[in-house]
Amino acid sequence: MVYPAGHFLLAAVPLTAYTVARWRRLPSGLAVFLLLVATQLPDVIDKPLAWTFAVLPSGRMLAHSLVVSLPVLTVLVLLATRRGYGRYAVVFSAGYLSHIAGDFYPMLRLGTDYYFFPNLFWPLLAANPDRSPSFAAHAPDSLLSLAIPLVVFGLAVSYGAVTMYRRREPMAAEIR
């Protein structure tokens with residue numbers, strides 16, 4: 001299981017490495033903020049709909065489906081590119097897709113845990129319901145196991161907030 005900090009780090013490390021290698025600087029605060037939102041969004045949509053409101057049978061279904069997310073992200077990138085924000089839409093899309101890859105990595109890397117495979121292609125395939133549909137069932141065993149990811153996550157969020165604040169430019173100016 002990948003927790004929120006892990007989802008963020010899975011996308012932030014490659015973004016940071018690319019930005020440093022390409023432009024010799026850290027990613028902008030806005031890019032970090034967009035990545036933070038994008039890497040959490042599938043769970044923010046699916047988990048409450050499944051585990052709190054019982055609208056979906058699985059916390060990895062609607063927003064975790066490639067059949068749903070790829071067209072939505074494609075339209076987002078096309079519209080953003082037309083307005084001059086394409087680079088940020090690509091960062092957002094990469095973060096969103098890295099979340100899905102993080103959730104399904106046992107299938108992709110280890111060749112195991114195929115139980116949720118149909119969920120990747122919902123509504124074309126019937127989704128498998130969660131085995132433990134509650135937030136409590138997915139809580140970590142110990143907060144100590146999350147210490148390093150939470151510290152890095154907190155530093156990244158702080159960096160994004162501070163750099164956006166220090167620029168004191170309108171957000172639209174930074175996007176371009």
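Me: Let's start with Asp103: is this residue buried or exposed?
Reply: Happy to. The model is a predicted one, and burial is read from relative accessible area, with under 20% counting as buried. Asp103 has a relative accessibility of 7%, so it counts as buried.

Me: Which residue forms a salt bridge with Asp103?
Reply: Here is the general idea: side chains of opposite charge can pair when their charged atoms come close. In this structure the partner is Arg60, with the closest N and O atoms 3.9 Å apart. The cut-off is 4 Å, so this pair falls within the rule. Arg60 sits in the loop between helix 2 and helix 3, while Asp103 belongs to helix 4 (residues 86-103), so the salt bridge ties together parts that are 43 residues apart in sequence.

Me: And what else does Arg60 touch?
Reply: Leaving out residues up to four places away in sequence, Arg60 touches Asp46, Lys47, Asp103, Phe104, Phe116 and Asn119. Arg60 is itself buried, at 14% relative accessibility.

Me: How many salt bridges are there by this rule?
Reply: The count comes to two. Besides the Arg60 pair, the side chains of Asp43 and Lys47 meet at 3.3 Å, N to O. Both of these residues lie in helix 2, four residues apart, which is about one turn of the helix. Asp43 is buried with a relative accessible area of 18%, and Lys47 is buried at 12%.

Me: Where should I look for an uncharged example, say Ala11?
Reply: Look in helix 1 (residues 4-23). Ala11 has 9% relative accessibility, so it counts as buried. Setting aside neighbours within four places in sequence, its contacts are Leu35, Thr39, Gly95 and Ser98. You can also follow a C-alpha distance: Ala11 and Val32, 21 residues apart along the chain, are separated by 9.8 Å.

Me: What about Val157: where does it lie?
Reply: Val157 is in helix 6 (residues 147-167). With a relative accessible area of 35%, Val157 is partly exposed. The C-alpha atoms of Val157 and Leu36 are 7.7 Å apart, although their positions lie 121 residues apart along the chain.

Me: How many helices and strands does the protein have?
Reply: Seven helices and zero strands, giving the pattern α-α-α-α-α-α-α along the sequence. Buried residues make up 36% of the 176 residues. Of the contacts with a separation of 6 or more, 65% join residues 24 or more positions apart. The protein exposes about 10,300 Å², and carbon and sulfur atoms supply 70% of that area.

Note on methods:
Residues numbered from 1 in each chain as written. Predicted model: local features only at pLDDT ≥ 70, side-chain atom pairs only at ≥ 80, totals over all residues. Heavy atoms only, no water. Helix = DSSP H or I, 4+ residues; strand = E, 2+ residues; numbered from the N terminus. Buried < 20%, exposed > 50% of the residue type's maximum accessible area, 1.4 Å probe, protein only. Contact = heavy atoms within 4.5 Å. Areas by Shrake-Rupley, 256 points an atom, 1.4 Å probe, with all protein chains shown as cover.
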